[in-house]
Amino acid sequence: MGRTNFSRQNKSLPASPNGQLLPSTALAREMAKLSNRTNALFLEYYIRFQILSTLSGQMDVEHALNVVKKLVRKNFPVAQYSLMFISARGDELTLRSHFGLPRREAATGRYQLDENIFGAALKRGQPIYVPSLEQGPAAYAYHNGPRRRGAFLSLPLIAPSDRVVGVLNLFRRRPHSFAAKEMELLRKIASQLAQVLDTMAVYHQTREQSITDELTQVFNRRYFNQRFEREMQRAQRYQRSLSLIMLDIDHFKIFNDTHGHLWGDAVLKQVAQTLEGSLRKADILARFGGEEFVILLPEIDRVHGQQVAEKLRHALANTVFPKAETQPFGCITASFGLAAFPEDATETEDLIRVADQGLYLAKARGRNQVGLHAAKPKRPRHKKKLPRRPVE
């Protein structure tokens, strides 16, 4: 019985081609190889899973880049790491994540795609490995100054859709220090990362298109309505100020009828750019429809909201617009309406109504001004007087 059990156990041990059990030294070697293969496979799946997991939640690119940087730092002993994105024009790379780079190099953060190693990797669509930078081609010296001693690996980030995302670069001070299996693992990681970043880019692009006005590239009315509700709830909950500005380009129909819609579109774009350039990052600018725009000013009360509206009015009147000399005022101007929470209204619909009334008031008074139309205060409810009891 013991003999049978022993033979069963032996079946799970590594054996030579003729079926004989391997000696203990050879057995240990085979077990070590098996352990190394298992560890490498586990590492690959672990890293790829970590990168894929960044697709959940908010699809945050910066979070994904931080995850990858930590994974590289922990699992690949390298002196320098950098991840670069290609520009929209496709002519340069911008540094987005790194460690180990000299301060001056990291501060520059831009690399032209000429004949350097990055451009070559993207052009070929394949990793480029330089075992020794001292002996490698001059074009692969990606930095200024004397050649460095060490090994350099540049991995292109190309999504399955063939969209070029950028490059991932690794540097070690010891020449010939990247093993073939290690480079293959890094190639798989780069491919996975490119797919994740491309998915995020498509998601953000689609979302941007759904909330952005196609012509002016500011927020559209649908997004404004959603954001207005959130900002109003926040203002009501924490008793914070909130101002709303509505504006309409003066005599825009005359301009369109005189010069055509193409010139009218050009003016709308420039108006949006001028307004955006005069606002804070916290402010929300949206195209409300036609030649009408709307602006939310969180944490701004009525007095300061009026100052912002006057600032915007002056900015438009002093901007040089094409064909503007044919307008009644000799330039492009706009009329503004302002309403503030809680001074003018305490509900979303009422705040819009008061701002709209202010806009029409500005138009009625001659245009190119800020109109303030305070809401009529609600009459307080009086309690019914009880009849006096007769004095006995």
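User: Before we start, what does contact mean here, and which residues does L157 touch?

Analyst: Contact means heavy atoms within 4.5 Å. This is a predicted model, where local features need pLDDT of at least 70 and side-chain atom pairs need 80 or more, while totals for chains, interfaces and linings use all residues. Residues are numbered from 1 along each chain as its sequence is written, and side-chain values use heavy atoms, with hydrogens and water left out. Leaving aside residues up to four places away in sequence, L157 touches L83, R163, V164, V165, G166, V167, L168, A190, L193, A194 and L197.

User: Which element gives the largest share of the largest nonpolar core?

Analyst: A nonpolar core is a set of buried Ala, Val, Leu, Ile, Met, Phe, Trp, Tyr and Cys residues joined through side-chain atoms within 4.5 Å; buried is under 20% relative accessible area, exposed over 50%, partly exposed in between (1.4 Å probe, protein chains only). The largest one has 34 residues, with Y81, L157, L168 and L170 having the most contacts inside it. Elements giving it two or more residues include β5 (151-158), β6 (164-172) and α6 (180-211); helices are DSSP runs of H or I with at least four residues, strands runs of E with at least two, numbered from the N terminus. The largest share, 10 residues, comes from α6.

User: On which side of α9 are the buried residues, the same or opposite sides?

Analyst: The buried residues of α9 are G264, V267, L268, V271, A272, T274 and L275. Take the directions from the helix axis to the C-beta atoms, which define the arc. They cover only 165 degrees around the axis, which puts the buried residues on the same side of α9.

User: And which residues of α9 are exposed on the other side?

Analyst: The buried residues have β7 (242-249), α8 (252-259) and α10 (302-317) among what covers them. On the other side of α9, the exposed ones are L262, Q273 and G277.

User: Are the rings of F252 and F255 stacked or edge-to-face?

Analyst: Phe, Tyr and Trp rings (six-membered ring for Trp) pair if their centres lie within 6.5 Å; planes under 30 degrees apart are stacked, over 60 edge-to-face, the rest tilted. F252 and F255 sit 3 residues apart in helix α8, so about one helical turn separates them. With centres 6.4 Å apart and planes at 10 degrees, the pair is stacked.

User: Which residue lies over the face of F99?

Analyst: A charge sits over a ring if NZ of Lys or CZ of Arg is within 6 Å of the ring centre and within 35 degrees of the ring normal. At 4.3 Å from the ring centre of F99, that residue is R73.
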